[in-house]
Every structure is written in structure tokens, then in C-alpha cells.
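Reader: I would like a close look at one part of this model, the small sheet and its hairpin, and then an account of what lies around the rest of the chain. Please keep to pairings, contacts and angles.

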Amino acid sequence: MAYQLQEINRRVRSDVEEFLAECDASYAQRISLAADRILSNLEHSPIVLLSGPSGSGKTTTAMKIAEELRRRGVNSHAVAMDNYFVTLDAKTAPRTPEGAIDYESPQFLDMELLSEHFTALSRGEEILIPRYEFARQMRNDSLGTPLRLEKNEIAIFEGIHALNDAVADRHPEATKLYISARSNVNEGAVLRFKATWMRLVRRAVRDYSFRGAEVARTLDMWANVRRGEKLYISPYKGKADIVFDSSLPYEVPVMKHYAVPFLRSVPEDNERHDEMLDLVSAFEHFEAVDPALVAKDSLLREFIGGGSYKYH
């Protein structure tokens, strides 16, 4: 699927608030369809597996699905699979071809514990969801959160490796979802903005604003992130019962406010500097939208902040 630049700019000029509301309503319809699929499978499994690459909006989507299910009278819990990372051991950690620690590898996930927890939850037993402390790169089970599913309750586990064979194949009865920003923006037949750029910009803005990471560092990591997607995430999207497109037609006009100054600050010696200049040029085709107009519960708030959901 591709959006048309002319239509985006026309809607921004004519009635920007209505445009944003329509885009959010369209995403809400996708959430509703996911809820339909989950409820139709509830008699087989209370477990939902939500996968997708970095910058796809998994966390917000999981919370929105849980919210929609609760609206329908089904209590639901969104669980970040990042908490199931194992404590880092530099001696045994998986490595990239360049020799750096491969943080995208599924070997960082405690697959055995996840499988045990899925089984326990399906039986109505209580589990202790661990807590991973990223600053210390270690899991602290003493800070864990107990969870037990009552009858007709659902747990949504979201993470980049949720559809990996070591997870999904052990629990084929679970509902499986895959999410990614998948829509380019074209001007006629000419590509103006790549879908992968959307995810890169989302991550760069979030990392700079909330994780203290300079854009150059995000760019340096992006090559391995993309390598990890191709090796560990994309090959399993065929397992999904539903595939989400998380791109929003208004997000490039909104992100223009944040991203252009960041991208222009990338040092000239960065190996991706020329690509960043191309990206700055791509933003120039879009009318800008004031971020203050973005709804508090928009998926985009996961990356720009100021939203109504709490992120950990």
C-alpha cells in the first residue's frame, strides 16, 4: 500500500484536524479487527503474540488492543517481552559479523521461561512477570509483577521475537499478530518517502527525546537493527493471523517538526550522512503539521511523547 503525497498535503491544507481524526479512526478499525480475531480464538488460547520490527508501534498497539477488549468486557493485560531478556554475559553473548554484541538476537530472550509462563497462564496458574533493568543490563526477578488470568481474560505478549519458532511453534494455539509501518508515500509513481524511513525516524526521535541517544548513535545501530529484522523477525511474519500496517498518513508532516533539525545535525563523517540529506530533502515535499494537534492516544505519541499511555 502507498499513500499519495498530493492527497496528504491537500488534506493538511484543507482541514488538518479532520484529516488526523480520520487517520486515527482508520487505525482504530484495525484494532477492532484484531480484537475480533482474538475473541474468536479465546476458547483455544488466552495468549496473544504480537511481533514486529523496531519502530513499528508494538507497545501502543498492544495497549490499544487490550483497551478495546476491555471495552468489550474482556479483561486484558499487555506484557512487554523485553522483560524476558536474560542477564547479559559478554563472554557468551551472540555477536554480529563485526564482533559487536548482537542485541537483536533471539538468544537474548529466555524462551524456556516464556513457554512455561504461556502454559501456566493457559491453565489459570499465577506467574511472576520478570523485570529487566536496561541500565544495568540484567533481569531482576525480585521486581517482578504477578499475573493470573481468570476465565475469559487475555494476555498480550509484545516483542520483536514473539513469532519466532522457539516461541510460536510451542504454542500454535495462540493468536498471532504482526505489525510494521509498511506504506510508502508516492507522488504519482515517484517514491517520496520510504516506509523504512518512517520507522527510522520514529526510533531516532524517540531515542533522542527519551533515551538520551544522539541521532548519529541511532544511525550507527540501525544497520544491525535492519540486519536483525531480516534474520530474526521478517521470516516469521507469515505465521501471523493478522498483519497490521502501523503507518499513519499524517506522521511524516508531524515528524518533520522533530526530525529535520536532528538529521541536519548528523556529522559529515557519518557513513549514512548522504542518506540523511536525502531524508531531509524528502521532508521538504510535505506540509508541516503542528504536533500539538496529534491526539493524546495516537500511536505516534509512543515516539513523540505527551500521550495518554504510560510506557516503561
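Author: Asn186 has Leu191 as its bridge partner in β9. That pair belongs to the junction of β8 with strand β9 (residues 190-193), where 3 bridges join two strands that run antiparallel. The model is a predicted one. β8 and β9 make a hairpin with 2 residues between them, and Gly188, in the turn, has a positive phi of about 65°.

On the other pairing of β8 (residues 184-187), 3 bridges connect this strand to strand β1 (residues 2-4), and the two run parallel. Here Tyr3 of β1 is matched with Val185 in β8. Taken together, the 3 strands form an open sheet in the order β1-β8-β9, with mixed pairing. β1 and β9 stand at the edges with a single partner strand each, so one side of each is left without a neighbour in the sheet. From one strand to the next, the twist averages 45°. Strands of a sheet pair through backbone hydrogen bonds, either parallel or antiparallel.

The other sheet to consider is also open; its 5 strands follow the order β3-β6-β2-β7-β10, with parallel pairing. Its edges are β3 and β10 (242-245), each with a single partner strand, so one side of each has no neighbour in the sheet. The twist in this sheet averages 20° from one strand to the next. Within it, strand β2 (residues 47-51) and strand β6 (residues 154-158) pair in the parallel sense over 4 bridges. Leu49 has Phe157 as its bridge partner in β6. Helix α1 (residues 5-40) lies across β2, β6, β7 and β10, and runs at about 165° to β10.

Two loop residues come just before strands of this sheet. Ala174 is placed in the loop between α4 (165-168) and β7 (175-180). Its relative accessible area is 3%, under the 20% limit, so Ala174 is buried. Leaving aside neighbours within four places in sequence, Ala174 is in contact with Asn41, Ser45, Ile47, Leu49 and Asp241. Leu49 is thus a contact of Ala174 as well as the bridge partner of Phe157. The C-alpha atoms of Ala174 and His44 are separated by 7.5 Å, although these residues are 130 residues apart along the chain.

Asn75 sits in the loop between α2 (58-71) and β3. With 32% relative accessibility, Asn75 counts as partly exposed because the value falls between the 20% and 50% limits. Not counting residues up to four places away in sequence, Asn75 touches Arg70, Asn152, Glu153 and Ile154. The C-alpha atoms of Asn75 and Glu150 are 8.7 Å from each other, with their positions 75 residues apart along the chain.

Thr96 is found in the loop between β3 (76-80) and α3 (111-122). At 8% relative accessibility, Thr96 counts as buried. Its contacts, leaving aside neighbours within four places in sequence, are Ile101, Asp102, Asn224 and Arg227.

That leaves the helix pairs. Helix α5 (residues 195-210) and helix α6 (residues 215-233) pack at an angle of about 135°, with their axes 10 Å apart. That makes α5 oblique to α6, because the angle lies outside the ranges for roughly parallel, antiparallel or perpendicular. The crossing of the two is right-handed. From α5, the contact involves Thr196, Arg199, Leu200, Arg203, Ala204, Asp207 and Tyr208. From α6, the residues are Val215, Thr218, Leu219, Met221, Trp222, Val225, Arg226 and Glu229. By class, this contact has 8 nonpolar, 2 polar and 5 charged residues.

Helix α7 (residues 251-264) and helix α8 (residues 273-283) pack at an angle of about 145°, and their axes are 10 Å apart. α7 passes α8 in a left-handed crossing. On the α7 side, Val252, Met255, Lys256, Ala259, Val260, Leu263 and Arg264 take part. These meet Met276, Leu279, Val280 and Phe283 in α8. The class count for this contact is 9 nonpolar, no polar and 2 charged residues.

Conventions. Residues are numbered from 1 along each chain as its sequence is written. This is a predicted model: local features need pLDDT of at least 70, side-chain atom pairs count only at pLDDT 80 or more; totals for chains, interfaces and linings use all residues. Side-chain values use heavy atoms; hydrogens and water are left out. Axes are lines fitted to C-alpha atoms, for helices over the stretch in contact, and angles run from 0 to 180 degrees between N-to-C directions. A crossing is left-handed if the near helix is turned anticlockwise from the far one by less than a right angle, and right-handed if clockwise. Contact means heavy atoms within 4.5 Å. Ala, Val, Leu, Ile, Met, Phe, Trp, Tyr, Cys and Pro count as nonpolar, Asp, Glu, Lys and Arg as charged, and the others, Gly among them, as polar. Angles under 35 degrees count as roughly parallel, over 145 as roughly antiparallel, 65 to 115 as roughly perpendicular and the rest as oblique. Buried means under 20% relative accessible area, exposed over 50%, partly exposed in between (1.4 Å probe, protein chains only). Two strands pair if DSSP finds at least two bridges between them.
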